[in-house]
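Trainee: I'd like to go through how the labels on this one get assigned. Can we take a helix pair and then the empty space inside?

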Amino acid sequence: MYYQKWGNKYIQQGKLREAEQLYRAFLKAHPTQMDAYLRLIELLLRMASLPEAKEIIEAGKKAFSDAAYFHIVDARYHQRIYNYKKAQTILEETYVRFPENINLQLVRAHNYWVLGDHELALTLLDELYPKLDISKGKLSERFIEAYIHILQSQAMHDKLKAFLKKCLAAGIKNGEIIFAYCQLLSSRTQYQGANSFIERQLQSDVFNKDLLSSVLLRFEQQKNRIFQALHQQDYASYLKTDSQENFLSSLEEIETHLRAHPLLEFDSHPISTVFQQFRQLAQGPQKLLLQTAISPDECFQISEVIIDHIRNKKAFALIRLGDGEGHYLPYKASLQSFQAEDQQFSQEIWWGKSLITTEKWQKIKALYHDAIAHANILGIPDPQRICRNLLEPGLNKGELNRESRGLLAVMNTVESLSKTYKEAEEAPIISSCHIHSQLEVLGFWELILAEIDECVLISSHPELPKWLLEKHAVKLSKEYLLPTEYKFAEQMGYDKSPEKPHFPDHFEFICRDITVAYPGQVFIVAAGFLGKMYCHLIRQRGGIALDVGSTADYWLQFKTRRWNAPGPFSSQDKMLYNRLGWDMLKCGNTQLAWRAFEKIAQSLPQDPDGYNGLARLSLLANNLPEARRYWERVLALSPDNKQAMVGKATLAEKNFQREEAASWWEKVISKHQLDLAYRKKAQMLINHAHYQEGIATLDQWIDIKGANAERLMFKAGLLIKAGEYGEAVGILSALHASQPGDEASTQLLAQALVAHSAFESASQLINQLADYQPESCHNHDPTYIRKLLKTWNTYYQEGAGFDRPKIFGIGLSRTGTSSLTEALTLLGYGAIHFINPITQRIIELEDFSYFDAFTDSPVSYRFEELYERFPNAKFIYAERDLADWVRSSQNLYKPIGFSSTQEFRAYLAKSREESGKFEKFCHNYHPNYIEAYQSLYAQFPNWEAAYLAYEQRVERFFADKPDEKLLRINIMKENTWEKLCAFLGKPIPDHPFPHANRFVPG
């Protein structure tokens, strides 16, 4: 009892050497007691003193030939030296002798699991499960770990759920079970349920005694909160949050938990120093994206940076540092006695017996440190990894373990480098050392590889080039094939004792041979510790180096790390990809959006969300047939799918098919009572002069949904468009009376009053509107309309006269008239384009008296008349290359049903009732519209003749006019601000010249 008691105390205090001496004394004093052997063997295996452990194992096998334990522990010894096949041989031989030994069966199953034979491992565990008395609340941790992970990897969610519930009901609440149950809930997007479950566990006595698990559960809570926000809210709003602030907030939450925990004296523990280092990093010039384990946004930001460098062919290196790499960074003085032993341990894992001598290390030491100092993205241990190691049970009050020493060395090095980052031109991004795996879990490597046409590969996998080509169409320009890590060679079926080891033979050759064929050439590097130095040399020579690490093993289905057991595409994965796709669509990054939706469609071909996203992107690209195919696929899977029904209605509108569009909007209204459908249907009908139907739809909407201010405002706006100004004034007057301070209703009422010719009342309201300089001249931009109302009011109050200076843009449509209008607005003019946005009518003669500047066809077709009517006016003739103008005009009018001037002539001759097409605008039947387009286009044999005839008309008219009356300008080509402002006598604004309404051909 003496030896056991004091041995346990030493271990709890982290005094493993003292415990070893005690157990050796125990064995010497009691050589016939099995427990003396067992305790010493377990301790030596824990300390990784493997030769000494093997010696005691062999002695135990001789002393107790009929005991299964020593054969089992011999197999475990071979597992520790990564010889799983030898371990399996020992286990099978032992199983013949001891078939009922439960511990033996557990180790057998675990060994099969590690070797990748999950089906056989699961069969063994299923056979064993009934023999374990779970009702007593006791179950082997080895069984729990293997069973949970196999069920997870095989996507047996129902079976896993039943097992976990049975364990919980029996009172078995170790960390493995709790985490698995939380993750199961999260994978089904039950985030609130998962967090409530975590909170209940944290309040129990179990987790007051289990410091590490309680901290890891806090991290799990943080992750669930983020995923819940993404699931319930707009992903774009989450993107706006500051990553540094998020990190510091989460760090503070974990620290608060640690300070309150009864098992930890936080201020005297090494973890307090690490937390302070994290704070300093967050306050430095480097960007901190260390929460990639819990934040998909941060993973996305990393992928964006990588893709940006690939697209722009900028030199770049992604390098990651784990505990093994840390063994080659400076240790603190108190830990230096462990460094040589730690380095030897890591090297044996990497290269077997081929070690770096002190002399060779001195030669490559500077290269290693330069690699770390100059990485663009540097992966370091994240807080979760640090906590997992520093808070391991039994070590929190004493000696740090090997992994912890390596991780602390990384943190100390990065802290010292952070001082130099302040002076660097470009500070790095500090991310998690697991960023490679997190990019894979969230699917971002797939997006990154899609940007690469060819690459150089440095890895140990001969099958990787084939995988890259077949999976991602990435061709290989060169390959450096290395021996694999000694630790995993047997598991992967590779040579454990290559003729030429990685170090020094391959290393020295590769360092000399690396050649970057062109700036920005991509190198995919999966070469362990030495790969960090390859990445630095690649970056230094102008290439892009991506340290993918064990992700390369995952790509080829090798399970070399706990995370990289291939799993199915879950509902949580789909949610993240869907959110990512829609957010990227909003941000304009259509390539990434396409990849995200494509991933859903490929992984879940019976799920409509991926096809919905692809259809929307096709619509944006003006690929209407492709959009139709995707939405028809959605409707085949889900006939009442809201997005697809809206999409079909939108497609019909795009194709000017009024009846079909109206039918689809009616279906959306019938099935989903969607406000958008009422709005769109009414708007579409009124836009195309079907006023009674449109207003009836508005009334139906308000009857069903209620007459709130927003709906009444929308109805009033459409009534103005329909010319029903009196009714619009009635609605808006009532709204204005009920909410007199509301700017939007006041402005719309002023607009309706102007259109209704109630000028005095309109003027009084306009005086109440705040001044605001718009940045856009879009017809529906309320700030632009406010600018026009102010201009109108100025003319009304001062008296409109023909002697006022006016500006007339007399270029034809498709010569940049919208851009010119916006430019004139930015210069301070009240400028209108084609339509008076206040009255919603085509520009008429009376409009010329109330505004400053005018553009497009209602101006150009009668510019001679305007010259005589407004003697102080200036004229701007926007011209364009003839071939470009013809192509643009054809593309503009082709969707309406014609692409030639002859077809235009026939089109203008039709009435709405005669036309089978869904007319684009109700003003197609306005006399000014018909007169303008007949005189400008329809009377000519083709577009070229129309353009040249108009150009000659302008030249003839202005030939004998003063030069200062006309400006000829090509908005598509010239320094437009300079010419325009010189002509108008205005200073050049601090704003890019606008280029609005550019047509994208289908």
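Mentor: Sure, and keep in mind that this is a predicted model. Start with Leu 882, Trp 885, Val 886, Ser 889, Gln 890 and Tyr 893 of H47, which meet Trp 943, Glu 944, Tyr 947 and Leu 948 of H50. By class, that contact has seven nonpolar, two polar and one charged residues.

Trainee: What makes Glu 944 the charged one there?

Mentor: Glu is on the charged list with Asp, Lys and Arg, and Glu 944 sits on the H50 side of the contact.

Trainee: Why are H47 and H50 called oblique to each other?

Mentor: Their axes cross at roughly 120°. Roughly perpendicular covers 65 to 115 degrees and roughly antiparallel means over 145, so this pair falls into the rest, oblique. The axes of H47 (residues 882–893) and H50 (residues 943–958) come within 10 Å, and the crossing is right-handed.

Trainee: Now the empty space. How many cavities of 30 Å³ or more are there?

Mentor: Five. The largest cavity holds about 100 Å³.

Trainee: What makes a space a cavity and not a pocket?

Mentor: A 1.4 Å probe fits in a cavity but cannot get out, whereas a pocket is open.

Trainee: Which helices supply at least two residues each to the lining of the largest cavity?

Mentor: H14 (211–232), H16 (243–260) and H22 (383–390) do, with H16 giving the largest share, three residues. Among the lining residues are Phe 219, Phe 247, Leu 251 and Asp 382. By class the lining has seven nonpolar, four polar and one charged residues.

Definitions and conventions
Residues are numbered from 1 along each chain as its sequence is written. This is a predicted model: local features need pLDDT of at least 70, side-chain atom pairs count only at pLDDT 80 or more; totals for chains, interfaces and linings use all residues. Side-chain values use heavy atoms; hydrogens and water are left out. Axes are lines fitted to C-alpha atoms, for helices over the stretch in contact, and angles run from 0 to 180 degrees between N-to-C directions. Helices (H or I, at least four residues) and strands (E, at least two) are DSSP runs, numbered from the N terminus. Angles under 35 degrees count as roughly parallel, over 145 as roughly antiparallel, 65 to 115 as roughly perpendicular and the rest as oblique. A crossing is left-handed if the near helix is turned anticlockwise from the far one by less than a right angle, and right-handed if clockwise. Contact means heavy atoms within 4.5 Å. On a 1 Å grid over the protein atoms alone, a cavity is a set of points where a 1.4 Å probe fits but cannot get out, and a pocket is an open set with protein on both sides within 12 Å along at least five of seven lines; lining residues have an atom within 4 Å of a point. Grid points are joined across faces, edges and corners, and a volume is the space filled by probe spheres set on the points.
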